[in-house]
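Please look through the sequence and the model that follow, beginning with the metal site and then moving on to the surface and the interior.

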Amino acid sequence: MNKNSEKISGWKRFMKSLTKAHDLGTEEDIMLDHDYDGIRELDNVLPPWWLAGFYITIAMSIFYLVMSFGFNKYNQYDEFNDDVTAAKEEIEAYKAANPQLFDDANIVAFTDAENLAKGKELFTAKTCFICHLADLGGSIGPNLTDNHWILGGGVKSIFNTITNGGRPGKGMISWESTITREERIQLASYIISMQGTTPEVPKPIEGEVIWPEK
Ligand code: HEC
């Protein structure tokens, strides 16, 4: 016997121990005596690899049974409820940490370059410039660079105007359904950042509300 054939027979022995397959040629020993129209049946044993898996599932089921009823651990209802409670706490913590994202009363204007750039981009992309002009000097809509406001200055009022529109029939529609909440805050922040700039052809002052007061 060379090394190779030893390996093969070792492998074969291993497979045999896993399957306990009956040797070919000796089927007569395990042949059952039924005969179904010429079809006959061998009484093979259950393969050990399969039996081992089966016994493991039995052991696991007993383990879980004891753990859940005996020690009240690994109970799927409790695990589910714990997960839901933990998730709710995370949501509340996130809301508490980011109030401006959820409550209009807590909106804070962005001041960082990225959000202001986004606001500027939206001012063009969402057609605001058509009525307010690209330098916010005003044409159909009022000048947005002076500190006189028809509907109120400050981030909350400006956000509110963009969200709900101006006075009926004036031409400033509600943008709530077409511009996301965050984008409306970005737009309001951009408008605020343009306060006090000098447009090329500023539209005369409109509105009684002064913001910011300087
Ligand atoms: C069709 C023209 C038009 C477009 C487009 C338009 N606006 Fe207006 N906007 C107006 C008019 C007109 C008013 C004045 C409303 C009033 O008198 O009630 C106004 C008012 C405003 C005000 C309040 C100004 C104040 O003095 O209180 C803000 C802020 C504003 N617009 C922002 C925007 C933004 C942001 C966009 C783009 C999403 C936009 N507008 C698009 C016409 C327009």
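Which arrangement do the 6 donor atoms around the iron atom of the ligand make, and why? In this predicted model, the angles that these 6 donor atoms subtend run from 87 to 178 degrees, and the arrangement is therefore octahedral. The protein contributes His 132 through NE2 and Met 172 through SD, which lie 2.0 to 2.2 Å from the iron atom. These two donors join distant parts of the chain, being 40 residues apart: His 132 belongs to helix H5 (residues 128–132), while Met 172 sits in the loop between helix H6 (154–164) and helix H7 (181–193).

The accessibility of each donor residue can be considered in turn. His 132 has a relative accessibility of 10% and therefore counts as buried, since buried means under 20%. Met 172, with a relative accessibility of 26%, counts as partly exposed.

Turning to the surface, one finds a nonpolar patch of about 1200 Å², whose members include Trp 49, Trp 50, Phe 54, Tyr 55, Ile 58 and Phe 69. Leu 46 is also one of the residues that make this patch, and Leu 46 is found in the loop between helix H1 (3–19) and helix H2 (48–70).

In soluble globular proteins, nonpolar side chains tend to be buried together. Here the largest nonpolar core has 20 residues, of which Phe 123, Leu 136, Leu 144, Ile 158, Ile 162, Leu 187 and Ile 191 touch the most other members. Two or more residues of this core come from each of helix H4 (113–125), H6 and H7, and H7 gives the most, with 6 residues.

How values were computed. Residues numbered from 1 in each chain as written. Predicted model: local features only at pLDDT ≥ 70, side-chain atom pairs only at ≥ 80, totals over all residues. Heavy atoms only, no water. Donors = N, O, S within 2.8 Å, 3.2 Å for Na, K, Ca; no water. Tetrahedral: all angles 85-135°; square planar, octahedral: opposite > 155°, others 65-115°. Helix = DSSP H or I, 4+ residues; strand = E, 2+ residues; numbered from the N terminus. Buried < 20%, exposed > 50% of the residue type's maximum accessible area, 1.4 Å probe, protein only. Patch = residues over 30% accessible without salt bridge, like charges linked within 9 Å, V, L, I, M, F, W, Y side chains within 5 Å. Areas by Shrake-Rupley, 256 points an atom, 1.4 Å probe, with all protein chains shown as cover. Salt bridge = Lys/Arg side-chain N within 4 Å of Asp/Glu carboxyl O. Core = buried A, V, L, I, M, F, W, Y, C linked by side-chain atoms within 4.5 Å.
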